[in-house]
Amino acid sequence: MTAKPISFIDNDILKCPFAAYKTLRDEQPVYLDPTTGMYVITRYEDLKVIARDTTLFSNMTNQFSNRESPVKAEIDALYRAHDLEPVPAMVDNDPPQHTAIRKLVDYAFRVSRINALQGYIENLCNELVDKFIEGGEVEVVGALAIPLPVIVIADQLGIERERIKDFKRWSDALIFSADVHISPQRMLEVNRDVLEMRLYLAQKVEEMRHHPRDNITSDLAQAQLDGKPLEMKLMVSILSGLLVAGNETTTATIALGIQYLIESGLEDTLRAQPEKIPNFVEECLRLATPLQAQFRRTTAATEIHGVKIPKDAILMVRYGAGNRDERRFDNPDEVRLDRAGGNQHLTFGFGSHFCVGNALARAELRTVFTIVLQRMKNLRLAGEPELVIHSFARGLSKLPVAFDRIG
């Protein structure tokens, strides 16, 4: 092992965790992080086993809400004052409750609805590109990677486009509220933003209970669980999760994907063979892994690779490490358009918690890369990319790119 203990709240490691991942996969595939006290899991097959077994490895960890913190009592009081405390919904729930909720959300993300969005996504992407195509240079994150998925999911949730900036701020706040090394003061600040979001979503649910429309919020507002309407806390928790899943991960993959497109030298190949763009999308998803980790809690003492893990231990399951495991993927750090089983990555999770919005995310990514390649060439970095530093999320806050316009 290295002289300095590996910890996933170490900013130097979080900036580029891939060497640490390899060290752990090879030497300590079950690793007790000395700073967080979490057991870090890094091998692909182990991650699949854990994701599959929700009985022994529970998703109910309190890592995404109700976390212990010096300001927990103050945060709890904020939500309680409005009767809008977060409750287990999707990512932080287990069967049978998760199964029942998942059926409702699967209907909201039904294939016919997603397929009908293709032309709309293309038009939106072209509108965004129109705004910068004349300049020959663009900051990709702000101009394309953020607005496209944010507008798409906001439209699908029935949220007014004039609230898009709030929507993004709320989504960021929800992600950072789960950051393992967030300070207590910052934790309080982001939870105030999350409460603002929850109040807004509750208002939209009430509106659509009385005036149904063709969108996901309306579907949930009309839905029933065990013959009864969903309680407001649950509906708001479901919608909050969809908000983050619907934009943060796609934003990160668009931006990192453009960077991979430049660095891999595959621009001309993909333009000449657009049928390979779906393969490129899967490689971008695998390499980017925007949510590098999730969490599980052991419901009984267990043992993995000879490491004894006590009951109620928290596992940090590093999907970003599994997606670069040489035991599963040859030359895992490279973009390979001919990779066999390239879509078998763990970016969308595995098992019962496989991402409900994966088809929408893939449609957005295919569309973005197709339109970029149709309208721009000679893509090149025009400055240094800037990373978002987070204990389990990975993305770019800035990606300056220069290009030549096609046509």
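This section describes the backbone geometry, the pockets and the aromatic contacts of a predicted model.

Three places in the backbone stand out. Most residues other than glycine have a negative phi, and most peptide bonds are trans. The peptide bond from P95 to P96, however, is cis, with omega near 5°. P96 belongs to the loop that runs between α4 (72-81) and α5 (97-108). A positive phi of about 65° is found at N62, which is not a glycine. N62 is located in the loop between β3 (57-58) and α4. Its relative accessibility is 45%, so N62 counts as partly exposed, given that this class lies between the limits of 20% and 50%. D226, likewise a residue other than glycine, has a positive phi near 55°. D226 sits in the loop between β5 (224-225) and β6 (228-229). With a relative accessible area of 77%, D226 is exposed, because the cut-off for that class is over 50%.

Two pockets are described next. The largest pocket encloses about 310 Å³ of space. Its lining is made up of 19 residues, and those closest to its centre are K168, D172, E248, V388 and L396. Three elements each give two or more residues to this lining, namely α10 (164-177), α13 (232-264) and β13 (395-398). By class, the lining of the largest pocket consists of 10 nonpolar, five polar and four charged residues.

The second largest pocket has a volume of about 220 Å³. A total of 16 residues line the second largest pocket, and Q259, Y260, E263, R324 and R394 lie nearest its centre. Helix α13 contributes the most to this lining, with five residues. The lining of the second largest pocket comprises eight nonpolar, two polar and six charged residues. Thus α13 takes part in the lining of the largest pocket and also in that of the second largest pocket.

Aromatic contacts were examined last. A pair of aromatic rings is described by the distance of the centres and the angle of the planes. The structure contains eight aromatic pairs. In one of them, the ring centres of Y44 and F329 are 5.6 Å apart and the planes stand at 90°, so the pair is edge-to-face. This pair links distant parts of the chain, as Y44 is in helix α3 (residues 44-52) and F329 is in the loop between α16 (319-322) and α17 (358-375), 285 residues apart. Both Y44 and F329 are buried. The pair of W170 and Y200 is tilted, with 5.3 Å from centre to centre and 40° between the planes. W170 is part of helix α10 and Y200 is part of helix α11 (residues 184-210), so this pair ties together parts that are 30 residues apart in sequence. W170 and Y200 are both buried. In addition, F8, F18 and Y21 form one aromatic cluster.

Two arginines are placed over aromatic rings. The charged end of R286 sits over the ring of F329, at 5.2 Å from its centre. F329 therefore has two partners described here, since its ring pairs edge-to-face with that of Y44 and also lies under the charged end of R286. R110 lies over the face of Y107, 4.1 Å from the ring centre.

Definitions and conventions: Residues are numbered from 1 along each chain as its sequence is written. This is a predicted model: local features need pLDDT of at least 70, side-chain atom pairs count only at pLDDT 80 or more; totals for chains, interfaces and linings use all residues. Side-chain values use heavy atoms; hydrogens and water are left out. Helices (H or I, at least four residues) and strands (E, at least two) are DSSP runs, numbered from the N terminus. Buried means under 20% relative accessible area, exposed over 50%, partly exposed in between (1.4 Å probe, protein chains only). On a 1 Å grid over the protein atoms alone, a cavity is a set of points where a 1.4 Å probe fits but cannot get out, and a pocket is an open set with protein on both sides within 12 Å along at least five of seven lines; lining residues have an atom within 4 Å of a point. Grid points are joined across faces, edges and corners, and a volume is the space filled by probe spheres set on the points. Ala, Val, Leu, Ile, Met, Phe, Trp, Tyr, Cys and Pro count as nonpolar, Asp, Glu, Lys and Arg as charged, and the others, Gly among them, as polar. Rings of Phe, Tyr and Trp (its six-membered ring) pair if their centres lie within 6.5 Å; planes under 30 degrees apart count as stacked, over 60 as edge-to-face and the rest as tilted. A charge sits over a ring if NZ of Lys or CZ of Arg is within 6 Å of the ring centre and within 35 degrees of the ring normal.
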